[in-house]
Amino acid sequence: MFFWDDGLRLARADLAVDFSRRQPRAFISHAHADHMARHEYALCTPATAALYHCRLGLRPTLELPYRRPVDWGNLRLTTFPAGHCLGSAMLLAEDGEQSLLYTGDFKLSPSATCEPAELPHADILIIESTFGNPAYRLPPRNEVVEELIDRVRGVVAAEGVAVIEAYALGKAQEVTRLLTAAGIPVLQHPAIVPISRVYEACGVDLGEYGCWTGGAEAGNALVVTPRTRRLECAGEVRFAVTGWAKDASAKYRLRVDHAIALSDHADYEQLFEAVRSVAPRKVYCTHGPESFVDRLCEAGYDARPLGRPFQRRLF
Ligand SMILES: [Zn+2]
């Protein structure tokens, strides 16, 4: 039903999945740079199409709204929300005999800026397992959000500048929404604003925020992209928002004052929960540690890693 050739390909539909190199036909699960390219023809959800066009220019695209099956080649394709960022989708492919679910990047905890994930049953599950290590059991989301808001509010109230490093698509809008909803003044890096405008055009309310023009802006929260230079001013307090914050050394590695464990990827418990929910006959794991495959096998699943050179064959 699929094979691996430097990436996932659905054999019966002649469709490359989440390739970052140009393809004749490709499915894009979400509009992060490592999941897309200027394809000749792309299939994706309407919101991902809007973000794809914003980032890479207008391209020929077939839109696959959530939960609406489309016959493509010899497959029936259906997208489901992945809970990772606006438009992010899991892909269910059915050939009449068996079904395959590709999760792409996903998380199961709620989001302020995208639909919650839905997990249909499938015979074969291909799961993105970045945090497939028991060390990455993240704290409950409400605690993490509270920590972010409390710390940022403290900095802003003291006329400091809270600088929050966040990916331009997804995390930046999530952080903006959480802070504006808490009444904190927010300015966004100019690279983030066009993507936020797409979110708003898709009906996501981010609250009131402005565009950062490069000054120190005391008394504000600045949402910036991760490589933005330090302001080098008194009162600057720097934040990173990432699941890797679970590592005690994260804030030193990321060179920030506070690392907040706000993740847009499933943590270890959510990965197991996803596998239980999909109830597949076979599980293939991408991106994560091989030890996660071992944990799944110990739990009775037929699991194996995907993406190693020896797996270039039809499954
Ligand atoms: Zn992603």
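The exercises below work through a predicted model, from its domains down to single residues.

Residues are numbered from 1 along each chain as its sequence is written. Because the model is predicted, local features need pLDDT of at least 70 and side-chain atom pairs count only at pLDDT 80 or more, while totals for chains, interfaces and linings use all residues.

**Exercise 1. Domains**

Task: State how the protein is divided and describe the side of domain 1 that touches domain 2.

Solution:
- Step 1. Domain 1 spans 2-135 + 265-311, and domain 2 spans 141-260. The bounds come from an automatic or database domain assignment.
- Step 2. Over C-alpha atoms, the two domain centres are 28 Å apart.
- Step 3. Contacts link 18 residues of domain 1 with 16 residues of domain 2. Contact means that the C-beta atoms of two residues, placed from the backbone, lie within 7 Å.
- Step 4. On the domain 1 side, eleven residues are nonpolar, six polar and one charged. Here Ala, Val, Leu, Ile, Met, Phe, Trp, Tyr, Cys and Pro count as nonpolar, Asp, Glu, Lys and Arg as charged, and the others, Gly among them, as polar.

**Exercise 2. The six-stranded sheet**

Task: Give the strand order of the open sheet, then place helices α2 and α3 on the sheet.

Solution:
- Step 1. Fix the terms. Helices (H or I, at least four residues) and strands (E, at least two) are DSSP runs, numbered from the N terminus. Strands pair if DSSP finds at least two bridges between them.
- Step 2. The order is β14-β13-β15-β12-β16-β17, with parallel pairing.
- Step 3. β14 (210-211) and β17 (258-260) are the edge strands, each pairing on one side only.
- Step 4. β16 (residues 236-241) runs parallel to β17, joined by three bridges. Val241 has Ile260 of β17 as its bridge partner.
- Step 5. Helix α2 (residues 141-157) packs on the sheet and touches β12 (161-165), β15 (220-224), β16 and β17. The direction of α2 makes about 150 degrees with that of β17. Axes are lines fitted to C-alpha atoms, for helices over the stretch in contact, and angles run from 0 to 180 degrees between N-to-C directions.
- Step 6. Helix α3 (residues 171-181) also packs on the sheet, touching β12, β13 (186-188), β15 and β16. Its direction makes about 165 degrees with that of β13.

**Exercise 3. Two helices with a buried side**

Task: For α7 and α4, sort residues into buried and exposed, and find what the buried ones pack against.

Solution:
- Step 1. Set the cut-offs. A residue is buried if 20 or more other C-beta atoms lie within 10 Å of its own, exposed if 12 or fewer, and partly exposed in between, with C-beta atoms placed from the backbone.
- Step 2. In α7 (residues 290-298), Phe292, Val293, Arg295 and Leu296 are buried. They span an arc of only 160 degrees around the axis, so they sit on the same side of α7. The arc is that of the directions from the helix axis to the C-beta atoms.
- Step 3. Glu290, Ser291 and Glu298 are exposed on the other side of α7.
- Step 4. The buried residues of α7 pack against α6 (268-278), β18 (282-286) and β19 (303-305). Gly300 follows α7, with a positive phi near 100 degrees.
- Step 5. In α4 (residues 193-201), Ile195, Ser196, Val198 and Tyr199 are buried. Their arc is 155 degrees, so they line one face of α4.
- Step 6. Glu200 and Ala201 are exposed on the other side of α4.
- Step 7. The partners of the buried α4 residues are α1 (46-56), α3 and β13. Just after α4, Gly203 has a positive phi of about 95 degrees.

An α-helix has 3.6 residues a turn, so residues three or four places apart point the same way.

**Exercise 4. Strand β8 and its neighbours**

Task: Is strand β8 largely enclosed or open, and which strands pair with β8?

Solution:
- Step 1. β8 (residues 75-81) has six of its seven residues buried, so the rest of the structure largely encloses this strand.
- Step 2. β7 (residues 70-72) pairs with β8 in the antiparallel sense over three bridges. Val70 is opposite Leu77.
- Step 3. Two residues lie between the strands of this hairpin, in which Gly73 takes a positive phi near 60 degrees.
- Step 4. β9 (residues 89-94) pairs antiparallel with β8 over six bridges. Thr78 is opposite Leu92.

**Exercise 5. Positive phi outside glycine**

Task: Locate Glu217 and Ala279 and classify their exposure.

Solution:
- Step 1. Glu217 has a positive phi near 50 degrees and lies in the loop between β14 and β15. Glu217 is partly exposed because 18 C-beta neighbours fall inside 10 Å.
- Step 2. Ala279 has a positive phi near 50 degrees and lies in the loop between α6 and β18. Ala279 is exposed because 12 other C-beta atoms lie within 10 Å.
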